[in-house]
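Me: I would like to go through this model with you. Please keep the answers short and plain.
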2 protein chains.
Amino acid sequence: MSASKKIKSGINPEFSVKTRKVKDVSYYLNGLQNKNRFILSECITLLESTNVAKRAMAGKILDSVIYPTDKSVRIGITGSPGVGKSTFIEAFGMFLISKGHFPAILTIDPSSQTNKGSILGDKTRMQKLASHQQAFVRPTPSGNVLGGTAEYTKETIHLCEAAGFDFILVETVGVGQSESEVDNITDINILLLQPGAGDDIQGIKRGIMENADIFIINKADGRQLELAKQTKAAYNNAIQLFHHDVKSWTCPVSLVSSIENKGMDKVYEHVSSYILLLKNLNQFDKKRLLQEQKWFETQTLKSLQHIIFKNKVVANKYFSLSDKIRKSGLSSRAAIQKMEDIFISLLKNKT
Amino acid sequence: MSASKKIKSGINPEFSVKTRKVKDVSYYLNGLQNKNRFILSECITLLESTNVAKRAMAGKILDSVIYPTDKSVRIGITGSPGVGKSTFIEAFGMFLISKGHFPAILTIDPSSQTNKGSILGDKTRMQKLASHQQAFVRPTPSGNVLGGTAEYTKETIHLCEAAGFDFILVETVGVGQSESEVDNITDINILLLQPGAGDDIQGIKRGIMENADIFIINKADGRQLELAKQTKAAYNNAIQLFHHDVKSWTCPVSLVSSIENKGMDKVYEHVSSYILLLKNLNQFDKKRLLQEQKWFETQTLKSLQHIIFKNKVVANKYFSLSDKIRKSGLSSRAAIQKMEDIFISLLKNKT
């Protein structure tokens with residue numbers, strides 16, 4: 001990649017890598033304060049690094065940044081592949097920019113582990129946003145099995161907020177487990193649907209609805225407009241049968257055309273209303289603190305797992321027992337007992 | 001309790017406790033083979049005991065029983081308080097008995113930890129079943145926080161099956177986390193609803209629907225019959241919007257009157273159809289093996305947690321950090337780091 005290309009893609013020349021020899025904490029903090037998207041990227045890379053020193057540096061940065069948390073809005077965006085998430089995010093992101101906001105888009109892509117090309121892929125999918133000075137687009141690797149999905153997403157959000165981004169859009173594919181984890185890091189969740197009544201078209205697992213605060217029927221344009229209206233009515237009815245955590249909130253269903261740039265104002269309005277409601281109910285900060293606490297609890301267990309399963313005896317035994325259950329009908333009880341014995345012997349004299 | 005009362009409540013006199021001095025494995029196994037409900041209860045009590053020797057005895061029993069797993073049907077029954085779960089189970093259980101089945105009812109009651117009276121409570125709620133020779137009613141304590149909900153339910157099911165019970169009904173209150181765990185031990189899940197459209201009446205969290213395979217509108221009698229029909233139509237529409245794990249299954253919604261004993265045949269039919277479908281798709285045994293594997297994985301982690309949190313330093317640090325996050329805004333990252341340091345030092349020289 002040539003230097004000119006780098007500048008074109010939005011790096012402030014004054015923060016070019018070559019002008020600094022030592023990258024200390026102040027280098028990164030200055031970069032974040034100056035909304036330098038390249039240095040923000042560098043910080044996230046430190047965070048995701050397996051290198052201990054780099055992780056430690058990321059820790060120092062995170063400890064030093066001051067971010068006005070309640071000024072940001074963290075939005076989860078879920079929907080099946082093909083529903084038009086990228087197109088919607090591109091349109092909604094540009095709408096946010098037109099309102100004077102600074103959107104950051106984090107995509108949690110389960111395929112990014114195997115498909116290293118997805119970084120470029122995401123930037124191609126959201127070309128306008130990726131090249132806009134007021135926006136930041138970054139794919140988050142889904143991490144390894146034991147480390148869990150979206151291990152660093154929460155901290156990545158903090159870094160983005162520290163760099164002045166005030167609308168954080170976290171995109172997930174609505175088919176896996178990542179959604180309930182995303183629920184632990186976002187203030188509000190949008191479920192993107194497409195015109196069409198049945199489950200065959202939506203491919204949405206029933207449980208995904210649980211996390212949604214706003215429903216959007218995308219592709220409400222051209223020939224599909226009528227069908228979109230019917231879909232809207234159907235979801236409006238369905239929603240009445242369920243119980244939202246915030247009693248006074250009824251999930252709105254709205255029509256959107258991302259390619260025609262229609263309905264973005266409504267989405268913005270719904271998001272704003274919900275955030276305002278949370279704040280009025282004193283639940284906004286409270287929810288974030290509870291999320292932080294919950295995050296600590298789940299991540300601590302993951303860390304514990306991670307640390308103990310580094311022991312090869314533990315890991316091998318675990319996987320071979322798990323295999324035996326499925327293949328030879330070993331009882332889970334007997335297998336759990338064996339694992340307990342291993343844990344107890346590992347921790348003997350220590351606990 | 002007098003001896004005559006004991007006999008009345010269904011204990012075979014030949015297996016009376018007093019005639020045996022030593023309760024060895026064969027005592028319990030014989031009891032199970034003879035469908036002795038009192039000895040089945042004793043086995044479950046061993047399982048739930050905190051006494052190591054008793055737990056070991058339960059282990060021996062579980063290792064020795066031979067149960068023809070694919071002959072039983074494990075049904076999860078969920079619904080908000082007030083929806084009429086006990087009345088339904090009483091009616092459905094008696095229907096099963098009339099069909100020649102042997103139903104066992106396990107209730108997972110979150111309140112049973114504090115309210116020791118719930119054992120009597122459940123038996124009072126389902127009087128006909130509790131006193132019937134062909135049925136077995138047992139509340140399961142929800143366990144402690146670290147040990148998790150329904151820790152022994154899976155093994156209790158195995159014991160019931162070993163004692164010849166072929167329909168295992170696991171009842172939960174559809175408001176907490178226990179439902180997704182129950183999903184890991186049942187073949188089919190029934191969601192019990194009542195007439196009325198809105199979420200205020202049902203109190204069902206949206207996510208609960210995810211686990212349901214059959215929807216039942218209870219109390220479809222008298223003045224509420226018309227409303228029940230409307231509710232049925234509404235759920236029938238809503239269900240079309242979601243995606244069932246078994247593609248060829250559309251969740252049926254049926255009307256039931258537990259007090260008038262109506263609709264039990266339909267429920268039985270729906271349960272049978274679903275089980276048959278699973279078996280035809282070769283998913284019945286496969287699902288159980290996967291559940292067994294999943295149970296091993298989650299319970300192993302719980303055991304690990306349990307063992308490591310017995311260490312007071314670990315436990316105290318954990319709870320104080322968790323508190324600090326919520327109360328003083330400590331970052332989860334910093335807290336996780338501290339817990340990691342503790343785990344690593346605990347396992348030093350061992351991993």
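Me: Which helix of chain A has the lowest mean pLDDT among the elements of that chain, and which the highest?
Reply: Helix α1 (residues 3-8) of chain A has the lowest, 43, and helix α13 (residues 264-280) of chain A the highest, 97. Here pLDDT is the predictor's confidence in each residue, from 0 to 100. Helices (H or I, at least four residues) and strands (E, at least two) are DSSP runs, numbered from the N terminus.

Me: What should I know about conventions?
Reply: This is a predicted model, in which local features need pLDDT of at least 70 and side-chain atom pairs count only at pLDDT 80 or more, while totals for chains, interfaces and linings use all residues. Residues are numbered from 1 along each chain as its sequence is written, and chains are lettered from A and ligands numbered from 1 in the order in which they are written.

Me: What is the mean pLDDT of chain A?
Reply: The mean is 81, and 78% of the residues of chain A reach 70 or more.

Me: Where does pLDDT stay under 50 in chain A?
Reply: One such stretch is residues 1-11 of chain A, for which the model has nine contacts beyond four places in sequence. Two residues are in contact if their C-beta atoms, placed from the backbone, lie within 7 Å. Residues 143-149 of chain A are also below 50, and the model gives this stretch 16 contacts beyond near neighbours in sequence.

Me: What ipTM does the predictor give the complex?
Reply: The ipTM is 0.72, and the pTM is 0.76.

Me: How many residues does each chain bring to the contact?
Reply: Chain A brings 60 residues and chain B 61 residues. On the side of chain B that touches chain A, several helices supply at least two residues each, including α4 (52-64), α8 (153-162) and α14 (312-328) of chain B. The most comes from α13(B), with 15 residues.

Me: What is the chemical make-up of that side of chain B?
Reply: Its residues divide into 28 nonpolar, 19 polar and 14 charged. Ala, Val, Leu, Ile, Met, Phe, Trp, Tyr, Cys and Pro count as nonpolar, Asp, Glu, Lys and Arg as charged, and the others, Gly among them, as polar.

Me: What turn lays chain B on chain A?
Reply: A turn of 180° with a shift of 0.0 Å along the axis does so, at an RMSD of 0.0 Å. The two copies are therefore related as by a two-fold rotation axis. The superposition is by least squares on the C-alpha atoms of residues with pLDDT of at least 70 in both. The same surface serves both copies, as 98% of the contact residues of chain B recur in chain A.

Me: Changing topic, which domains make up chain A?
Reply: Chain A is divided into domain 1 (3-64), domain 2 (69-290) and domain 3 (292-347), with bounds from an automatic or database domain assignment. Twelve residues from domain 1 of chain A and 14 residues from domain 2 of chain A form their contact. On the domain 1 side, helix α3 (residues 37-48) of chain A gives the largest share, seven residues.

Me: Where is Asn261(A)?
Reply: Asn261(A) lies in the loop between β7 (253-255) and α13 of chain A. Asn261(A) has a positive phi of about 60° although it is not a glycine.

Me: Is Asn261(A) buried, partly exposed or exposed?
Reply: Asn261(A) is partly exposed, because 14 other C-beta atoms lie within 10 Å. A residue is buried if 20 or more other C-beta atoms lie within 10 Å of its own, exposed if 12 or fewer, and partly exposed in between, with C-beta atoms placed from the backbone.
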